[in-house]
Amino acid sequence: MSGRPLPFIGSKDDWDGGSVTDSAVCVLAHNAGAWTLDGTNTWLLHVPGTSKCIVIDPGPNEKSHFKAIIAAAALRDCEVGAVILTHGHSDHSAGAKGLAELTKTTVRSVDPQFRLGDEGLTTGDVIVVGETEMHVVATPGHSADSMSFFLPHDKSLLTGDTVLGRGTAVITVPDGDLGAYFTSLEQLKELVAKYEISWLLPGHGPALTGPTDILDAYVDHRLARLEEVREVVKNGAKSSTDVLDLVYADTPEKLKNAARQSVKAQLSYLKHLGEFTTDEDLTSPLAQTLDVKD
């Protein structure tokens with residue numbers, strides 16, 4: 001088996017951020033790389049005509065990026081009223097406390113280590129800043145602390161790294177979980193259908209229309225990959241290296257470490273189902289974090 005090329009899901013358009021909906025503008029961080037695609041999307045959410053906005057994922061701890069975020073808020077005649085994280089990976093969270101201190105506001109996140117203030121994030125929370133309302137939905141899988149945010153007045157859904165603007169998300173063992181990821185994708189599909197959501201606003205890459213088709217493609221890809229892994233295991237693959245060499249043979253070298261993490265997540269899933277046994281430690285993290293520059 002030579003391996004299946006990585007599928008292309010999402011948009012092939014160039015992406016520099018900017019206004020997407022009446023209430024959502026992206027300030028693109030200058031941290032493009034293999035893990036971050038075009039860079040981290042810092043989303044500024046704001047009902048036009050109101051005085052406060054929400055900043056999602058401030059990205060890197062860089063003064064130039066803070067300046068761009070504050071300038072984008074000023075263009076909309078508003079101030080930063082809250083900083084909120086989709087998850088704790090450093091390409092999303094490194095600048096959170098710095099921006100919050102600069103704008104005299106708080107940081108809310110699932111993981112207490114990233115918070116500034118007393119409030120965390122729990123699924124079902126409804127966050128209101130000014131007149132901007134945002135509903136919190138736990139979507140673990142990419143990481144244990146991954147959250148998505150639904151803007152009912154805008155019919156848009158911020159997905160962090162659960163769904164990207166192009167390509168597919170990485171399941172990052174040890175805190176990522178494939179079973180949880182499948183559940184999260186199904187949950188997002190139900191949310192899209194129930195509220196007729198029009199836009200997906202990802203953590204990296206272009207904003208996307210057609211959310212149902214995108215989410216269906218994500219599920220289909222994950223199931224196809226899992227079936228390929230299941231097949232090579234049945235045919236004798238004994239380790240994550242065996243599976244990586246067989247199933248991900250055509251994956252670009254710079255993405256192989258990410259692919260290895262996905263292999264471990266899939267083998268852990270099959271092990272949980274009783275379809276794979278091994279003495280290999282499938283929970284070991286990468287020696288280098290996933291969210292570094294290429």
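**Ala265 and helix 4 in a predicted model**

Tutor: In this predicted model, Ala265 touches Ile171, Val173 and Leu178, leaving aside residues up to four places away in sequence.

Student: Why is Ala265 called buried?

Tutor: The relative accessible area of Ala265 is 4%, and buried means under 20%, so Ala265 is buried.

Student: Where in the chain is the place of Ala265?

Tutor: Ala265 belongs to helix 7, which covers residues 256-272; in space its C-alpha lies 9.6 Å from that of Ser240, although the two are 25 residues apart in sequence.

Student: How do you know that the span of helix 4 agrees with its number of residues?

Tutor: Helix 4 runs over residues 178-195 and has 18 residues, which at 1.5 Å a residue should span 26 Å, and because its end C-alpha atoms are 26 Å apart, the two values agree.

Student: Which residues of helix 4 are buried, and what do they pack against?

Tutor: Among the buried residues are Leu178, Tyr181, Phe182, Leu185 and Leu188, and the buried residues of helix 4 pack against strand 8, strand 9, strand 10, helix 5 and helix 7. Leu178 is also one of the residues that Ala265 touches.

Student: What makes Asp177 a cap of helix 4?

Tutor: A side-chain oxygen of Asp177 lies 3.0 Å from the backbone nitrogen of Gly179, and a polar contact requires such atoms to be within 3.5 Å, so the pair meets that distance limit; Asp177 thus caps the N-terminal end of helix 4. After helix 4 comes Glu196, with a positive phi near 50°.

Methods:
Residues are numbered from 1 along each chain as its sequence is written. This is a predicted model: local features need pLDDT of at least 70, side-chain atom pairs count only at pLDDT 80 or more; totals for chains, interfaces and linings use all residues. Side-chain values use heavy atoms; hydrogens and water are left out. Helices (H or I, at least four residues) and strands (E, at least two) are DSSP runs, numbered from the N terminus. Buried means under 20% relative accessible area, exposed over 50%, partly exposed in between (1.4 Å probe, protein chains only). Contact means heavy atoms within 4.5 Å. The expected span of a helix is 1.5 Å times one less than its number of residues. A polar contact is a pair of N or O atoms within 3.5 Å; within protein, one must be able to donate a hydrogen and the other to accept it, and residues adjacent in sequence count only if both atoms are side-chain atoms.
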